[in-house]
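Here's a quick tour of a two-part model for someone who likes to think in backbones and contacts. Take a look at the sequence and the coordinates before reading on.

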Amino acid sequence: MVSRNYGTRTIFALSSGSTKCAVAVLRVSGPKSAFALQQICGGLPKKRVASVRKLYNPVSNELLDKSLVIWFPGPQSFTGEDCAEFHVHGGPAVVSSVLSALGSIPGMYPAQPGEFTKQAFLNGKLDLTEVEAVGDLIHAETEAQRKQALRQMDGDLSALYSSWRTSLLKCLANTEAFIDFHEEENIEDDILESVSAKVTLVNDEILKHLTDSRCGERLREGLNVVIVGEPNVGKSSLLNSICQRPAAIVSPIAGTTRDVVETALNISGYPVLLSDTAGLRETHDPIEKEGVNRAINRVLSSDLKIFMVDAAKQANLLSGDVELSDFVISHMDQIKLISKSLHLGNKDLHKQMDEQEDLSSIIIVLNKMDLLHSSEVSKFLRENGDTVCAISCKTGQGFDDFMYKLVEKIKILCGDPSQGQPSLTHSRHRHHLNQCCFHLTQFHDFLSHDVVLAAERLRLAVREVGQITGAVSAEDVLDVIFRDFCIGK
Amino acid sequence: MLYDVIVVGGGHAGSEAVASAANMGAQTLLITMNLQTIGQMSCNPAVGGIAKGQIVREIDALGGYMARVTDLTAIQFKMLNKSKGPAMWSPRAQSDRMRFAECWREQLEQMPNVSFFQDMVQEVLIENGKCVGVKTGIGTTFRAKCIVLTNGTFLNGVIHIGEKQFAGGRSGESNSKGITKCLEQNGFISGRMKTGTPPRVDGRSLDFSKMILQNGDKNPKKFSFSETTTPLKVQKPCYLSHTNMLTHEYLKEGFERSPMFNGSIKSIGPRYCPSIEDKINRFTDRESHQIFSEPEGWNTAEIYVNGFSTSLPADIQEKALKTIPGFENVRFFRPGYAIEYDYFPPTQLKHNLETKLVENLFFAGQINGTTGYEEADAQGLMAGINATLKAQEREPFVLERDQGYIGVLIDDLITKGTEEPYRMFTSRAEYRMLLRQDNADQRLMPLAHKLGILNDKAMAVLEKKVSRYKELISYFEKTSVLPKDINPVLKKVKSSPVAQSDKLFKFLSRPSVRAKDMINVTPVKSFIQKGKYTDEEIEQLEIKVKYSGYIEKEKRNALRLKELSNIKIPKAFNYSNIMSLSFEAREKLSKIRPNTLLQASLISGVSPSDVSVLLVYIGR
């Protein structure tokens, strides 16, 4: 018979599949469930009854969501332990904020793959006839999460985490070599100093990564999308079409929009801050001049730019006489010229602009297609369809295509939660990296007093990174030691 | 007659196996090819070292003899790693090679239920899947309930010196034939391993004034917890010198004739015990390597040239050694050599060191792919105990990874196997702060007592020791000290002073405060004097206080893993038709056949999700 009190950890996770549905279910299981409920919704709701509660972050006291909360005292619960469920509003930002609130409570851990099911099984909540199916379920669950983790880990992020693992493994190996061999072998006396310096370096890098993770921030705070272009090309009409309400005043008079008009939107599940800006042109009107100034600043700080042009005025581009990238460059140059004439120009600003001429964060919208024959632009669109759309704000022609392309760009910039659960894995990574940094800081505190205690911290730090990149075994450490040191008599 | 236990081989593993079996009341027979070489140190004349010293202390706590024999024959003692935390302090001794062997034989001969026989065992008798005895070279058959094989480097041993190779189990001794073939016919898989040893030279030909003196500790301690031995009063020094670029040049001249480089040695040697040719070949930027001259005993001129393990031709060995300061006129007793031998991958064993294929047959020592006297001895002890338990129809005795380095050693061998000669390092032990040399008695003596190896008297001594030490700790936990009494101490060690009274324990747990600083504080002084607490007891207190947080954490962690170790996997469990397991996991699990989920989880290639799947299938 399997022990019943196997679980002493309290675990939490998003248990509904995707963050994009209307309601997402977050589950907590373990002895600290009641404590978590008290911390997040200020008290224990009536057991086994769905209650509406406001959820707060226990550290910042920030209001996170108003949601259904259910308290299941064990053993009559899914896992047999004390459990809690939060039915929060769907959407990555809310889910991610509640997960990180749960993670901030001491003694709470993000669930390992399959851990809820395992817990349920261990506490006798699944009967024998279910065993076969559950085996496959656990497998499927972990497979999906593994693939998802891999997807997230593709490319730069994976390389970054691996480089930390390699660095820390080397630090650990050097420290272990000092402990096991320094007395009898030729191990340099200053080896611990170089370990210490390396640990500081890695710690700083991880801390920087933890505070500078743009994808996560975009999800939490919203993606900055700005509509930019010359006066009277239809920027405000586009904003209104996207908002499906007249948030911006539209008129045929060029220069109607003076200030930046901001609208917070939910586009396909993503939080977006959409800005309409003053038309860019040289002007002597001091108010309009300030508007242009603000528009340029907004363009520079944006994540995604919608360049709007009057199709009727761009014959060169449509006929293929001008390359698309050249067009973008010349358009940016034009903005630069304007900013110069506005005395905004400084070197940094222009350098920043040059670096931003990247088509992945740009959509070019050709407006006023109702004034052209579609045959005139069809070839051009076929060739540049990823970045260019042709619409008519007046007739609504091409608007669906534009929205599709806009969502695709947003997905790329935020990371796509329908491709898995980035907020979940994100909070797991964050948890382990935070723990890793904690241990690395402690490493320094102990190093001068007892190298064994310091080494223990390094072991723990490596273990945390190993939770993301794959475990580090005693053999891995020995491999590095024997590769780097001439050990043995 | 029917013996309870037969031990084949009289090295470190064999001698300890005989001793533990006999102590547990087994009628025990030791069969060895040469009764003159019982307890022979075939390599360096030293016992202990980092991680290994801890093992020797554990062997002693479990009633083994290695610590006692070492203490009685030591010529020098050092506590290594004194400058690091107490968890890593490791005892090491140089021993008198001849006295060491003599002492071992004396210990065994004093046991009335031990018999001896000199011959080569050529065949293991197996009937109905059970081992029932052995057959020797002259055709004599001996029968027993359990058999322990400790063949060391003798199975089909081949010695290499330069281009010369000849059969041998150790320098000047013949090898052992027959057993490997016999076991292979019964389905065992064997492999080849390699190890080496340096030259022995005439101390009268060395100029020690050109070397660096290496003395033992000023206040030497000892290995054994028992009061039958005492620390050394007189010690003999070792000497340190270094190789140079000329040495390396001469050595390189011999590379073409080196069995390591010309392909005649194919098997894997240990990375951490490289030959001198390996060192200069792999670390080309190193201009010098350490060479230790270690005396072989009190009354012999023979010197063991530690650091110069080699299988290069004898003339090259001599030419190169002569370039080292102090060795200019060196005369050889015998050259260094490499030896290749058969071993049996230890994944073929159960945790009690009994083979999975043949019941009542146990393996211990280098036959399992380990290296080192201490590693061999520890396995001999555990195999001797378990063979006896089996003969007496009792439950097996298995140490867990959090109970001792011996537990780590055997668990690593059985669950992970080894591809190079396995040596213990502290980094292999996840609970090394628990597994200290100072507390081996507290960790293991109660277990030995339960098994009947340790008598009530020894247990009473331990209990008294533990209770005194608990009194001391509880005094520190309960007693408050005034700022005026503690602040001078804090000031002395540059720790911030306090305005209010607090518990002694709290102050001692500050990183820079040492116990020796605290014992002169007013109330403490009188308590220590009244209770007559020794330096050792005060040291124990300090360790306990400094490590308390970690030890608790390690214990909790160990407990969590133990939950997994409590979940046993049925012996006949069929992994191959569980498709939810990864292919690699299915293959490895079928091969290694772990006993518990914890063991399964430690196998490389078995992922946490595989463990979850197993959990579900095995569950209830």
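What follows goes through each chain in turn, with a few backbone details at the end.

Keep in mind throughout that this is a predicted model.

**The two chains in numbers**

Let's start with the chain-level figures.

| Chain | Helices and strands | Buried residues | Contacts joining residues at least 24 apart |
|---|---|---|---|
| A | 17 helices, 12 strands | 42% of 489 residues | 69% of those between residues at least 6 apart |
| B | 20 helices, 22 strands | 52% of 620 residues | 72% of those with a separation of 6 or more |

**Chain B: overall build**

Chain B has 20 helices and 22 strands. Its radius of gyration is 26 Å, and the globule rule gives 25 Å for 620 residues, so chain B is as compact as a globular protein of that length. If you'd rather think in box dimensions, the C-alpha trace spans about 80 × 70 × 50 Å along its principal axes.

The chain splits into four pieces: domain 1 (2–195 + 341–451), domain 2 (200–336), domain 3 (456–549) and domain 4 (566–618). Note that domain 1 is written as two stretches, 2–195 and 341–451, with domain 2 at 200–336. As for spacing, the centres of domain 2 and domain 4 of chain B, taken over C-alpha atoms, are separated by 46 Å.

**Chain B: a strand wrapped up on both sides**

Now zoom in on strand β2 of chain B, residues 28–32. Is it buried or exposed? Here 5 of the 5 residues are buried, so β2(B) is largely enclosed by the rest of the structure. That goes for both faces: Thr28(B), Leu30(B) and Thr32(B) are buried on one side, and Leu29(B) and Ile31(B) are buried on the other.

Which strands does β2(B) pair with? One partner is β1 (residues 2–8) of chain B, running parallel to β2(B) and joined to it by 4 bridges. In that pairing, Val7(B) stands opposite Leu30(B). Another partner is β6 (residues 114–118) of chain B, also parallel, with 5 bridges to β2(B). There, Thr28(B) has Val114(B) as its bridge partner. So two of the buried residues of β2(B) show up again in the pairings: Leu30(B) opposite Val7(B), and Thr28(B) with Val114(B).

The link between β1(B) and β2(B) is worth a look too. Together with helix α1 (residues 12–23) of chain B, these strands make a right-handed β-α-β unit.

**Chain A: a mixed sheet and its helix**

Over in chain A, 6 strands form an open sheet in the order β3-β4-β5-β2-β1-β6, with mixed pairing. Its edges are β3 (51–56) and β6 (108–110), each of which pairs on one side only. On average, neighbouring strands of this sheet are turned by 30° against each other, ignoring direction.

Inside the sheet, β1 (residues 10–14) and β2 (residues 23–29) of chain A pair in the antiparallel sense over 4 bridges. One residue pair to pick out is Ile11(A), whose bridge partner in β2(A) is Ser29(A).

What lies across these strands? Helix α1 (residues 33–41) of chain A does, spanning β1, β2, β3, β4 (63–72), β5 (83–89) and β6 of chain A. The helix runs at about 75° to β3(A).**Chain A: a lysine on a helix**

Lys411(A) is found in helix α14 (residues 399–414) of chain A. With 16 C-beta neighbours inside 10 Å, this lysine counts as partly exposed. Lys411(A) is 215 residues from Ser196(A) in sequence, and the two are 41 Å apart in space, C-alpha to C-alpha.

**Backbone details to check**

Some torsions deserve a glance if you plan to work with the coordinates. Gly74(A) and Pro75(A) are joined by a cis peptide bond, with omega at about 0°. Pro75(A) is in the loop between β4 and β5 of chain A.

In chain B, Asn156(B) is not a glycine, yet its phi is positive, at about 50°. This asparagine is in the loop between β9 (141–149) and β10 (158–161) of chain B. With 20 C-beta neighbours inside 10 Å, Asn156(B) counts as buried.

Lys494(B) also has a positive phi, near 60°, in a residue other than glycine. Lys494(B) lies in the loop between α13 (483–492) and β22 (502–503) of chain B. Why does Lys494(B) count as exposed? Because the lysine has 7 C-beta neighbours inside 10 Å, and a residue with 12 or fewer is exposed.

How values were computed. Residues are numbered from 1 along each chain as its sequence is written. Chains are lettered from A and ligands numbered from 1 in the order in which they are written. This is a predicted model: local features need pLDDT of at least 70, side-chain atom pairs count only at pLDDT 80 or more; totals for chains, interfaces and linings use all residues. The radius of gyration is taken over C-alpha atoms; the globule rule is 2.2 Å times the number of residues to the power 0.38. Two residues are in contact if their C-beta atoms, placed from the backbone, lie within 7 Å. Two strands pair if DSSP finds at least two bridges between them. Axes are lines fitted to C-alpha atoms, for helices over the stretch in contact, and angles run from 0 to 180 degrees between N-to-C directions. Domain bounds come from an automatic or database domain assignment. A crossover is right-handed if, with the strands pointing away from the viewer, the path from the first strand over the helix to the second runs clockwise.
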